[in-house]
Amino acid sequence: MTNHQASRRDALKLFGASVVATAIAPRASAPPPGPVPAGTAAGYFPLSAVRLGEGPFLAAQKLDADYLLRLEPDRMLHNFRSNAGLVPKAPVYGGWESIEPWIDIRCHGHTLGHYLTASACMYQSTGDERFAQRVDYIVAELAECQEKTGGWLTAFPDGVAPLVDSLAGNKFAGVPWYTTHKVLAGLRDAHLQRGSAAALTVLTRFADWIDRACADVPHDRFQKMLDREHGGMNEVLADVFELTREERYWNLATRFSHEALLGPLARGVDALDGLHANTQIPKVIGFSRIYETSKTPSNYNNHQDAARFFWKTVIERRSFTTGGHADGEHFFPVGDFAKHLPSAKTMETCCTHNMLRLTRALYAHEPTVAYFDYFERALFNGILASQDPQSGMNTYFQATRPGYVRLYHTPFDSFWCCTGSGIENHARYGESIYAHDDDTLFVNLFLASSLDWSARGLRLTQQTKFPDEDTTRLEITHATKRRLTLAIRQPSWCPVMKVTVNGARSQRARRPGGYFKLAREFRAGDVVEIQLPMSLAIDPLPAVATAGHPEWVALRYGPIVLAGRMGSAGLTPGSQIIVNERESGNMLRADMAIPRWTGTLQELIETTRRTHPARLEFRSTGFEGGASVDLIPWFRATNERYNLYWQRAQPSVA
Ligand SMILES: [Zn+2]
């Protein structure tokens with residue numbers, strides 16, 4: 001990183017929106033200024049500049065940290081070493097890392113990549129040196145492997161063969177480029193988040209091997225290879241370009257951009273039916289990254305247009321109320337939502353993880369509240385909801401099946417894709433709460449936290465019990481004499497937001513979906529209190545949102561999706577922890593009658609009342625036959641049966 005700090009402008013651009021904007025600080029001990037990346041409209045703060053305060057997100061971060069420390073690097077390194085001809089130091093892990101029925105998917109080693117990212121982020125988020133040590137150890141081990149291989153790093157049972165075969169146009173097993181992306185991204189983050197110079201060396205050496213291996217592959221064959229899931233290869237290679245300024249990496253990044261997806265999206269055509277969801281999202285993040293790292297972004301407007309269109313169509317037409325989407329990992333026709341509700345394989349957590357990354361990338365160019373309305377929805381109802389607060393393990397699917405439960409991975413025998421993205425999720429909550437431009441601080445999320453905006457001499461704390469309470473309190477703890485603007489997100493779900501400065505000036509903001517701006521010379525001790533009244537809302541399934549008499553609806557309070565509590569029949573301690581994600585739906589089945597609602601939508605709202613003053617607990621009595629339902633936040637329905645969408649007693653007739 002040192003050489004990049006020499007060129008401030010390069011450094012700024014380097015930390016462009018998609019990944020890396022989080023990562024300005026190479027060391028936890030010295031958060032750098034965090035300027036706005038060139039070519040973007042808003043920058044993010046490094047994780048080291050933000051600390052979480054008491055609340056559910058800090059609790060999730062701590063559970064994740066504990067799990068990261070329980071995992072053993074030598075076990076994750078086993079196959080990397082053996083492929084390089086080195087003696088492994090510990091037995092390999094199970095699940096996707098080594099055993100049937102997952103050998104064919106060639107995801108061996110993906111966990112190590114995610115682990116590097118998660119540990120490097122956790123280091124920035126906590127300053128705990130143990131995570132830095134783990135990153136350094138793994139990077140050194142991978143460097144040793146490269147001495148033997150000449151550059152490639154794989155944990156596949158057949159070594160580098162799947163990559164070579166894919167490039168040769170031969171039959172190849174699984175998703176080797178998907179897995180390779182995770183390893184490259186882990187090395188990138190080891191460099192950016194931990195400040196490991198060695199990681200950049202290993203990363204570029206691997207990228208060099210890929211560059212050579214790809215050199216003679218004809219365009220058509222290359223594109224055909226990209227029909228197979230390949231993660232964010234275009235994104236990470238564009239990052240390697242930004243880190244090195246060597247254009248061959250950027251050229252390689254563009255070769256990894258899948259034209260079959262780019263074309264329709266750039267034309268504003270949603271041809272996503274039937275496509276594997278989590279294959280597409282990382283490609284789209286890469287399109288945005290190609291645009292923003294290009295020397296002539298205007299020549300790549302189609303890439304950014306594609307990314308924006310994809311985001312919009314997925315959010316508006318293809319997402320459940322939680323912000324999750326797809327069934328069996330695939331997008332389905334937008335009119336078919338109701339058919340997919342009984343599925344136990346809806347809403348893969350990786351997809352939400354990646355949609356949040358895309359959201360961050362787009363917001364940096366266009367800092368509007370709409371992006372963070374989605375981000376908040378998916379963060380609470382998708383990501384926070386994905387972790388078992390007892391074990392710290394994460395979900396694969398968050399099934400919409402009525403009366404079903406969440407299922408979580410085992411600590412040492414699963415290693416799903418969602419285990420990998422899951423360990424990253426809870427290490428990076430600090431990166432999106434705030435953003436900034438030159439003299440504006442955007443408060444985008446209402447999470448207990450503290451921020452050090454060292455470049456502007458501003459420090460503040462945010463105290464809140466949101467969403468159990470509808471207030472948050474920002475206190476300036478340090479300020480220099482300088483006029484700054486505090487831009488507070490007024491969520492679209494909040495028609496009137498009340499802002500009180502130092503207990504005196506109370507203002508009502510009436511621009512939901514906009515920023516409320518306070519411009520002044522802030523002083524230490526200034527307090528801004530914000531009240532965000534929440535109310536009950538009804539979310540129909542997307543395709544029938546405008547129909548007026550929807551048959552299936554979910555209940556939401558502010559941004560918090562509510563789940564019906566359906567008891568715990570058949571659940572025993574540990575029964576939700578499973579090895580095999582393919583068994584989702586086969587285990588812990590329970591056929592239960594879910595009450596149906598009657599009356600009008602307004603009556604459904606009116607018959608739903610909050611039952612606890614300090615926690616989000618509700619009871620709805622507007623159900624058939626006088627039945628009532630107790631409701632809690634979907635993110636808290638972690639160890640019980642739940643229901644998300646409610647059917648109308650008599651389907652509406654046109
Ligand atoms: Zn996944």
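Colleague: Which residue in β9 does L441 stand opposite?

Modeller: This is a predicted model. Strand β5 covers residues 440-443 and strand β9 covers residues 483-490. Four bridges join β5 to β9, and the two run parallel. Opposite L441 in β9 stands L486.

Colleague: What is the strand order of the open sheet of five strands?

Modeller: Pairing in this sheet is mixed. Its edge strands are β1 (43-44) and β12 (514-521), each pairing on one side only. The full order is β1-β4-β5-β9-β12.

Colleague: Which strands stand at the edges of the open sheet of seven strands, and why is one side of each left without a neighbour?

Modeller: The order is β2-β6-β7-β8-β13-β10-β11, with antiparallel pairing. Each edge strand has a single partner strand, so one side of each has no neighbour in the sheet. The edge strands are β2 (50-52) and β11 (505-509).

Colleague: What does the twist average from one strand to the next in the sheet ordered β2-β6-β7-β8-β13-β10-β11?

Modeller: This sheet is open and has seven strands. From one strand to the next, the twist averages 15 degrees.

Colleague: Which residue of β13 stands opposite T472?

Modeller: Strand β8 spans residues 471-478, and strand β13 spans residues 527-531. They run antiparallel and are joined by five bridges. The residue opposite T472 is I530.

Colleague: How far apart do the C-alpha centres of domain 1 and domain 2 lie?

Modeller: The domain assignment gives domain 1 as 23-432. Domain 2 is given in two segments, 440-466 + 471-531. Their C-alpha centres are separated by 32 Å.

Colleague: Which element supplies the largest share of the side of domain 1 that touches domain 2?

Modeller: Contacts link 23 residues of domain 1 with 20 residues of domain 2. On the domain 1 side, β2 and α18 (369-383) each supply at least two residues. The largest share is five residues, and the element that supplies it is α18.

Colleague: How many residues on the side of domain 1 that touches domain 2 are nonpolar?

Modeller: That side divides into three classes, nonpolar, polar and charged. Five residues are polar and four are charged. The nonpolar residues number 14.

Colleague: Is W311 buried or exposed?

Modeller: W311 lies in helix α15, residues 301-317. Leaving aside neighbours within four places in sequence, W311 is in contact with L358, T359 and L362. A residue counts as buried at 20 or more other C-beta atoms within 10 Å. W311 has 22, so W311 is buried.

Colleague: What distance separates the C-alpha atoms of W311 and H330?

Modeller: Along the chain, W311 and H330 are 19 residues apart. Their C-alpha atoms are separated by 16 Å.

Colleague: Where does M347 lie, and what is its phi?

Modeller: M347 is found in the loop between α16 and α17 (349-365). M347 is buried, because 28 other C-beta atoms lie within 10 Å. Most residues other than glycine have a negative phi. For M347 the value is positive, near 60 degrees.

Colleague: What is phi of A326?

Modeller: A326 sits in the loop between α15 and α16 (337-340). With 26 other C-beta atoms within 10 Å, A326 is buried. Phi is positive here too, in a residue other than glycine. The value is near 75 degrees.

Colleague: What is omega of the cis peptide bond that joins F466 and P467?

Modeller: P467 has its place in the loop between β7 (458-464) and β8. Most peptide bonds are trans. The bond from F466 to P467 is cis, with omega about 10 degrees.

Colleague: Which loop holds P101?

Modeller: A cis peptide bond joins E100 and P101. Its omega is about 5 degrees. P101 is in the loop between α4 (73-83) and α5 (110-126).

Colleague: What radius of gyration does the protein chain have?

Modeller: The chain has 20 helices and 22 strands. Its C-alpha trace spans about 70 × 65 × 45 Å along the principal axes. A compact globule of 654 residues would have a radius of gyration near 26 Å. The value for this chain agrees with that, at 24 Å.

Colleague: What percentage of the residues of the protein chain count as buried?

Modeller: Among contacts with a separation of 6 or more, 70% come from residues 24 or more positions apart. Of the 654 residues, the buried share is 55%.

Terms used:
Residues numbered from 1 in each chain as written. Predicted model: local features only at pLDDT ≥ 70, side-chain atom pairs only at ≥ 80, totals over all residues. Buried ≥ 20, exposed ≤ 12 C-beta atoms within 10 Å, placed from the backbone. Contact = placed C-beta atoms within 7 Å. Pairing = 2+ DSSP bridges. Axes fitted to C-alpha atoms, helices over the stretch in contact; angles between N-to-C directions. Domains from an automatic or database assignment. Nonpolar A, V, L, I, M, F, W, Y, C, P; charged D, E, K, R; others polar. Rg over C-alpha atoms; globule rule 2.2 N^0.38 Å.
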